[in-house]
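I opened this notebook to keep track of what I looked up in one structure. The entries follow the order in which I checked things.

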Amino acid sequence: MTDSLEGTKPQYDVVVIGSGLGGLTAANMLAKDGYSVLLLEHHHKLGGLATWFKRKGGHIFDVSLHGFPYGMVKTCRKYWTREMADCITQIKGIRFDNPQFSLTTTYDTNDFKRTMQDYFKVPADTVDSFVTTIKNMNFYDEHTMTTREMFDKFFPGRDDVVRFLLEPIAYANGSTLDDEAITYGIVFSNFLSRGVYIFRGGTDKIIGMMEAELKKNGVDIRTGARVEKIVVEGGKVAGVVANGKTIKARAVISNANVKATVQRLVGEEHFSKEFAEETRKVRLNNSSCQVYIGIRKGETIDYVGDLLFTSVADKLDAQMLRSRNITSRTYSFYYPDIRPGSDRYAIVASTNANYEDWAYLPEDEYRASKQDLIESTLDALERYVPGIRNKADYVEAATPKTFERYTLHPNGTSFGTKFEGLRVSMGLNEQVPGLFHTGSVGIIMSGWLGAANYGVIVANNADKYLRP
Ligand SMILES: Cc1cc2nc3c(=O)[nH]c(=O)nc-3n(C[C@H](O)[C@H](O)[C@H](O)COP(=O)(O)OP(=O)(O)OC[C@H]3O[C@@H](n4cnc5c(N)ncnc54)[C@H](O)[C@@H]3O)c2cc1C
């Protein structure tokens, strides 16, 4: 077996653990600032959950490229490259189909207001006041109101409106009615500003561009490198142990889950009792299931929208959204223009999922449940793509166990932690100088944009710490 750490230096300014969008962005910024940076990723590919895979028959599937806010253009332009920013393109067909309503929107401010007023008959001043409220939400305000209370205030008794508002965000970051209203408000207003965007060229292209940029800026990148321990000496970060090898560093930025960082990589004994207790109380966010459907070469599918939120449940129900008894699915339709030059189509169906529903099944039951997930997804899709079973020649499913295996995230969490995780993430350096965390946490800092932007914030904090 080759040694993926062969030739590493004995010491770096910064070691970044994990190559999700948070870790990649932090590594890039610090390298551009002139620091020596080692990036360690346990998987053989960079990107973390921003990933893709290829299968025989010429199929290529994107795992988390369903849609992100326009802010990603600025983030790519400012902290990566203009070429990357130029590949970002709007998807216009955001479609909803459930027992309460069936409509298509671009999900930007104007179309949102029009839909709320014309379709849902909500008075214009109520819509305006709701939009103003969420646009003015500030992280530093008090957060006592839940999303449920906020919706009750603006749209009492309107569970159809609540479904229209919450369902996409529940898929985008695991948000529920009982989470702090700010976690909904910040993410929703990010999307609302200009609608929903994706990266033309696919996840393979953006991660390839990021890798090239990191190399250009001098980052030492190692895949197949699993960090087992963050070394603390004299109360400060001193380095890491990866694949059994000790590498010294002045600072460590962990892109692993924040609870895993404290409990598995550093060890609770290096934190105050109160901080360790606070970390224990942090709730993980939900995980996901996906079904990847590859369309046979030469076959086509008619345009049915880009993102389709479907449900057969009478009302929106957070438990039902994650249940193994699936009633709601989001489909991403990938037409050939997502990868210019390609003539292929693919469909990815996503559902939120509970880790416990999948993790402890005996092997044969697990396999049968995955097959069941595939069959029920194809049945449900038939309504939108007639003849789907004849058009598809490759189908595969992922469960919370799959996400756990590839990212090492506890319970295969798709979006980090609930809101309280952010405080823990931001407090690490005060507990153990030189220790930082970046990536999906606190709901707000999740998704492609949230993770990348948090990478920027944390790189700035690490720079302050490292600067002589
Ligand atoms: C099914 C699904 C669909 C999604 N769809 C969207 C979407 O449409 N739009 C959107 O904006 N977001 C979406 N997301 C969320 C988005 O992909 C993530 O929030 C974001 O990519 C996470 O970035 P991150 O920086 O938190 O790191 P992650 O992607 O979580 O990566 C962390 C990395 O750290 C590595 N690592 C962990 N521990 C170690 C260790 N000990 N040693 C070495 N390496 C380690 C892991 O292998 C991994 O590569 C989706 C997520 C899922 C699961």
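The entries below go from the whole chain to the ligand shell and then to three helix pairs.

**Entry: the model.** I noted before anything else that this is a predicted model.

**Entry: the chain as a whole.** I looked up the secondary structure and found 18 helices and 18 strands in the protein chain. I then checked the extent of the C-alpha atoms, which fill a box of roughly 60 × 50 × 50 Å along the principal axes. Next I asked how the radius of gyration compares with that of a compact globule. For 468 residues the globule would have a value near 23 Å, and the protein chain has 22 Å, so the two agree.

**Entry: the ligand shell.** How many residues surround the ligand? I found 38, and the closest are Gly18, Gly20, Gly22, Gly48 and Gly439. I sorted the shell by class and got 15 nonpolar, 21 polar and 2 charged residues. I also looked up which elements supply at least two residues of this shell, and they include the helices α1 (21-32), α16 (400-407) and α18 (447-466). The strands β2 (37-41) and β13 (287-295) do so as well. The largest share, 4 residues, comes from α18.

**Entry: helix pairs.** For each pair I looked up the angle and the distance, since two packed helices are described by the angle between their axes and the distance between the axes.

**Entry: α1 and α9.** α1, which I had met in the ligand shell, packs against helix α9 (residues 203-216) at an angle of about 30°, with the axes 9 Å apart. Because angles under 35 degrees count as roughly parallel, α1 is roughly parallel to α9. Their crossing is left-handed. I listed the contact as Leu24, Ala27, Asn28 and Ala31 of α1 with Met210, Glu213 and Leu214 of α9. By class these residues are 5 nonpolar, 1 polar and 1 charged.

**Entry: α2 and α18.** α18 came up again here, as a partner of helix α2 (residues 71-79). Their axes come within 10 Å and cross at roughly 35°, and the crossing is left-handed. On the α2 side I noted Gly71, Met72, Thr75 and Tyr79. They meet Trp448, Leu449, Ala452, Asn453 and Val456 in α18. This contact has 6 nonpolar residues, 3 polar ones and no charged ones.

**Entry: α4 and α5.** I looked last at helix α4 (residues 109-119) and helix α5 (residues 124-135), whose axes come within 9 Å and cross at roughly 140°. That angle makes α4 oblique to α5. I recorded the crossing of α4 and α5 as right-handed. Which residues of α4 and α5 meet? Thr109, Lys113, Met116 and Gln117 in α4 meet Ala124, Val127 and Val131 in α5. The class count for this contact is 4 nonpolar, 2 polar and 1 charged.

Key:
Residues numbered from 1 in each chain as written. Predicted model: local features only at pLDDT ≥ 70, side-chain atom pairs only at ≥ 80, totals over all residues. Near = placed C-beta within 6 Å. Nonpolar A, V, L, I, M, F, W, Y, C, P; charged D, E, K, R; others polar. Axes fitted to C-alpha atoms, helices over the stretch in contact; angles between N-to-C directions. Parallel < 35°, antiparallel > 145°, perpendicular 65-115°, else oblique. Left-handed = near helix turned anticlockwise from the far one by under 90°. Contact = placed C-beta atoms within 7 Å. Rg over C-alpha atoms; globule rule 2.2 N^0.38 Å.
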